[in-house]
Amino acid sequence: MAGEVKLSHTAAMILQALSAGHIYGFSVMEVTGLPSGTVYPAMRRLERDRLILSQWEKQSIADAEGRPPRKYYKLTSSGRTTLEASRRRYPLLAKLLPAEEVETA
Amino acid sequence: MSSAGIVPSSSVHFAILWAAALLVPRERRAEWLAEWRAELWYASKKCGQELAPRLGGRWYITAFCLGSFKDALWLRRNAPPSEERATLHLESPRQCIAFLAALAALSMAITFLLWLGNRDLISLADLYHQVLIAFPCFLVYPSPILLAITSLSLGEFPAHSRLRAWRGRLRRGTFFLGKVALVMLMVFCGLLIGAYNVLPSILMILLFFGMFGGYPFALRWALNDQRGRCPVCLHLLTQPVSLGARSRCFLGLNGTGLMCPKGHGLLHLPESPTSWFGTQRWLGLDSSCRDLS
């Protein structure tokens with residue numbers, strides 16, 4: 001029952017940030033104001049629990065733009081269900097981080 | 001995952017990431033480092049632009065890099081057990097003694113080399129005199145600490161067991177004393193290094209307290225190691241199983257059962273000592289049970 005997974009407020013904020021389109025670790029840090037030592041382990045936990053998935057962007061895209069390739073994260077279907085449940089639990093979540101697509105991989 | 005372009009980060013930040021990467025399990029290290037380096041690139045770039053005045057620029061990047069330690073530690077703690085992970089094989093008594101002897105030889109060699117470098121300050125006679133005085137003190141002082149941190153009992157054996165034979169006792173005693181002697185030698189060499197001020201003062205103080213604090217714990221390890229070995233073949237006992245239930249400790253054994261890998265017997269360790277099961281108890285098995293191991 002993925003929908004019944006209860007997340008901490010921090011984990012819910014990270015899921016919300018990812019859902020809002022902040023798909024990189026540093027972008028999540030920026031938008032949530034959480035330190036790197038909180039965001040990255042939390043994302044590993046979420047990935048372990050199959051609420052998010054990580055993927056490397058193509059080297060050719062990064063090379064064309066003259067930058068290193070980044071690892072991006074996206075929500076799985078159970079992650080989306082859990083986020084919905086978390087939004088009900090933390091009603092201010094959606095107001096803190098409004099959902100809008102700001103970054104794409 | 002090679003990084004492209006000019007990375008606007010200092011070598012200090014890379015050094016922090018490299019140091020943190022050592023904590024990450026080997027099989028995930030390259031990918032982890034690539035991810036953090038890429039993120040550092042973006043963080044540095046961002047900091048160079050609009051974030052610098054608001055977030056404290058370079059210090060923000062340093063704090064960002066230091067966060068990698070928490071991430072690395074999380075991965076270390078939650079990594080699935082790897083078959084390739086290097087472990088010390090001290091199961092057999094020979095391997096155990098050989099390993100300790102190698103460490104002791106290394107510590108003696110370091111002590112000797114450091115002494116050679118400071119020959120003008122410390123004469124050989126002085127060194128000999130110090131060893132002669134310090135060593136007896138060294139034998140006596142850990143006893144009260146050792147009594148406080150562990151039990152000195154090596155367990156109970158059945159009354160009519162062959163374990164009571166003098167040859168078995170001699171073998172176990174020799175092995176135990178050998179371990180203690182090698183551990184003592186290592187700690188003593190460490191103390192000599194510190195005591196002769198070969199190292200810088202703060203490091204010397206740390207070493208001194210570390211050795212004095214560490215010595216009783218090293219002896220405790222020797223005792224625990226002895227208790228965790230088969231009294232017949234001195235191999236480390238394996239296959240721990242939980243026995244009984246904590247709520248029923250007055251009705252039956254609540255503790256752990258271990259088995260000799262060569263099938264010599266079983267060891268029962270009580271979780272909390274009771275009047276009827278105060279210490280670990282050895283149950284010898286005859287040759288008909290060897291196939292069970």
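Visitor: Which hand does the crossing of α1(A) and α2(A) have?
Guide: The crossing of α1(A) and α2(A) is right-handed. A crossing counts as right-handed if the near helix is turned clockwise from the far one by less than a right angle, and left-handed if anticlockwise. Helices here are DSSP runs of H or I with at least four residues, and strands are runs of E with at least two, numbered from the N terminus.

Guide: This is a predicted model, in which local features need pLDDT of at least 70 and side-chain atom pairs 80 or more, while totals for chains, interfaces and linings use all residues. Residues are numbered from 1 along each chain as its sequence is written, with chains lettered from A and ligands numbered from 1 in the order in which they are written.

Visitor: Why are α1(A) and α2(A) called roughly perpendicular?
Guide: Their axes, lines fitted to C-alpha atoms over the stretch in contact, cross at roughly 115°. Angles of 65 to 115 degrees count as roughly perpendicular, under 35 as roughly parallel, over 145 as roughly antiparallel and the rest as oblique. The two helices are therefore roughly perpendicular.

Visitor: What makes up the contact of α1(A) with α2(A), by class?
Guide: Met13(A), Ile14(A), Ala17(A) and Leu18(A) meet Val28(A), Val31(A) and Thr32(A), contact being C-beta atoms, placed from the backbone, within 7 Å. Six of these residues are nonpolar, one is polar and none is charged. Ala, Val, Leu, Ile and Met are among those counted as nonpolar, and Thr falls among the others, the polar ones.

Visitor: How do you know that β2 and β3 of chain B pair?
Guide: Pairing takes at least two bridges found by DSSP. These strands have five, in the antiparallel sense, so they pair.

Definitions and conventions: Axes fitted to C-alpha atoms, helices over the stretch in contact; angles between N-to-C directions. Contact = placed C-beta atoms within 7 Å.
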